[in-house]
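Got your viewer open? Let's take a short walk through this structure, one selection at a time.

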Amino acid sequence: MDGEGSERADAGWARARFDGAAMVVALGGRWTLANARNLESSLARVETKGAKAMTVDMEKVAAIDSAGAWLLHRQILRWQETGSEIALANASHAQGSLLARMAIESEPRRPLARPTLGAIGELATRTGEATVDLAEEAHALVSFVGAVAATWLRAWRRPARVRLVSTVHHVERIGIDALPIMGLLAFLIGVVLAFQGADQLRQYGAEVFTINLLGVSVLREIGVLITAIMVAGRTGSAFAAEIGTMKVNQEVDAMRTLGLDPMETLVLPRLIALAVALPMLVFFADAMALAGGAVMVIAGLDLSLAQFLEQLAGAVTLSTYLVGLVKAPVFAILIGIVACYEGLKVSGSAESVGIHTTRSVVKSIFLVIVADAGFSILFSRLGI
Amino acid sequence: MSAPVIRVRGLVTRFGSQTVHDGLELDVRRGEILAIVGGSGTGKSVLLRTILGLKHPDGGTIEVLGRNLADLDDEARRPVLRRMGVLFQDGALFSARTVAQNIRLPFTEHTDLDHRLVTQLIRVKLAMVGLPQEAGSKIPAELSGGMRKRAGLARAIALDPDVLFLDEPTAGLDPIGAAKFDELIRDLQRALSLSVVMITHDVDTLCAIADRIAVLLDKKMVVGTLDEIRAYPHPWVQEYFSGPRGRAAQAGHDAAKGRKDD
């Protein structure tokens, strides 16, 4: 027997001996999970010499759990395969019934792992699934846009149905609560833009045109883009997670059964709030970015505030500002639709909430940038 | 009689100014099925969480298998935790893993058995809780509520625990499914000589499989056999057992007893 293992009082063991002509395998000790390794090796060492009949004597077994019972059962099966007749001796009722439970050979053996198709099969399957998903996704998103539009029109005809309190609450969360971070962000971007611009333009002695660069780029593009990306990350994710959690808790189902339209109660107030709050945030971000740039220019280029303002007034017109601002409601609707759509697509688990929240942010930022490119083309065609 | 597997002494639990348990005492004997009942909000689940060491007691001591969990550090706690199995209400299976992976987890965490043996043991556990083998490859979301409970039970008994905790094992099951689950618990308790502590609202379960019943009344515990508790003169207890549901379950229980006595 193995030296240290069998000497320990709590170890399990198996020993073969001849009792007259009959072969007896005596078992003893603790046949438990903690001893499983030692039991496995102990059983493997039992030399049965191909005996035709064997008795398994459980008299000295102090304790047996399902792991021990399984090891014994497995060994008995192996012995039976070599043609031995096995009889159990001195097994208590409980031990016998536990052993009887191990007989799972009759059950059809099914793989415990999820079936896989191999690397190439998986790749093909996933590519196919992704393609179909993409098509379905596009279809579902278009339907959702349609449903939103229909709800919007209904609300237009009967304005009383718009949830005013909820809308105002969302305006506060999207707009006012975002002012500090949005202001800081825009201010710093203004500073960086002015600093880099001045650095480059100095080579041509045209530092003063830093103000033109700053004014045009902030008002036309950067102000609205930064704001939209910030809102997509901050508010879009919150919308998707909120609505998604409501889906998981079956709150959305409860609404439907109570005759409330989730489109009307959840989606519309958020969309309206976004369309109202985002342009206001853009205005604020524009102002803060210009202020940041002004601080940089005044400190770095040794100009006065009056000179800065004069140069700025020459560089930008009202239309420069409006070109930026007009994009804001469009971006707001894009962000809102994607966020609410992803939120309503959540199903079942906590994991699903996470997936759709992430998707909502990635998709809405992507769509915002695509739309911005579209606007650029449109405006250049229009000659604005 | 051997020492109790769980010994709760003078347990106090508070939430803010609200006292939920005040000097609660409870012994769970080896090899028994103890059912904890009580009205909503009497702190049944909190008691379970406290015994499991998921919540610190605000007063009193709790010994599980002779060790006070509150005194132990994480390292010393592991061997004690390994000897306890828990079935949470909806199974609490890890949703991103298959059932087989869920059952494998305690093995990889607490043992160093080779992969093949663990796979075989997983098959044994699936068979023990009455799940078909193909359930092993499914993720929890693909299973029905009853199957999820069985899968949760398979994970709870993976390491052959000494004590099994069940939080409302039959809640949300249809009566036939609930009766089968009761049988399964009784069956496993005998086969694996488990001590079982379960929280239940199900009077049928109480009558069918509980050896003793612990009732949470006025922040304390009243423990006894079914007949003792039934005779206990407290309005809540009387209403619990003499309400329509209680009477029906009782009738079934008495009838079964009558048949046995014949």
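We'll start with one helix and then step across to the neighbouring chain; keep in mind that this is a predicted model.

**Stop 1: helix 3 of chain A.** Select residues 66-81 of chain A. This helix has 16 residues and reaches 22 Å from its first C-alpha to its last, close to the 22 Å expected. Of its 16 residues, 12 are buried, so the helix is largely enclosed by the rest of the structure. Try colouring some of the buried ones, including Trp70(A), Leu71(A), Leu72(A) and Trp79(A).

**Stop 2: what covers it.** Now show the surroundings. The cover includes strand 2 (22-31), helix 2 (36-44), strand 3 (53-64), strand 4 (85-89) and helix 4 (93-101) of chain A, and helix 4 (115-128) of chain B joins in too.

**Stop 3: the two ends.** Click Asp65(A), which caps the N-terminal end of helix 3 of chain A. One of its side-chain oxygens sits 3.1 Å from the backbone nitrogen of Ala67(A). Then jump to just after the helix, where Gly83(A) has a positive phi of about 95 degrees.

**Stop 4: where the chains meet.** Show both chains. Here 36 residues of chain B are in contact with 26 residues of chain A. About 2600 Å² is buried between them, with carbon and sulfur atoms giving 57% of that area.

Which residue of chain A pairs with Asp187(B) in a salt bridge? Select Arg101(A): the closest N and O atoms of the pair are 2.7 Å apart. The interface has 2 salt bridges.

Conventions:
Residues are numbered from 1 along each chain as its sequence is written. Chains are lettered from A and ligands numbered from 1 in the order in which they are written. This is a predicted model: local features need pLDDT of at least 70, side-chain atom pairs count only at pLDDT 80 or more; totals for chains, interfaces and linings use all residues. Side-chain values use heavy atoms; hydrogens and water are left out. Helices (H or I, at least four residues) and strands (E, at least two) are DSSP runs, numbered from the N terminus. The expected span of a helix is 1.5 Å times one less than its number of residues. Buried means under 20% relative accessible area, exposed over 50%, partly exposed in between (1.4 Å probe, protein chains only). Contact means heavy atoms within 4.5 Å. A polar contact is a pair of N or O atoms within 3.5 Å; within protein, one must be able to donate a hydrogen and the other to accept it, and residues adjacent in sequence count only if both atoms are side-chain atoms. Buried area is the accessible area (1.4 Å probe) that two parts lose on being put together, summed over both. A salt bridge is a side-chain nitrogen of Lys or Arg within 4 Å of a carboxyl oxygen of Asp or Glu.
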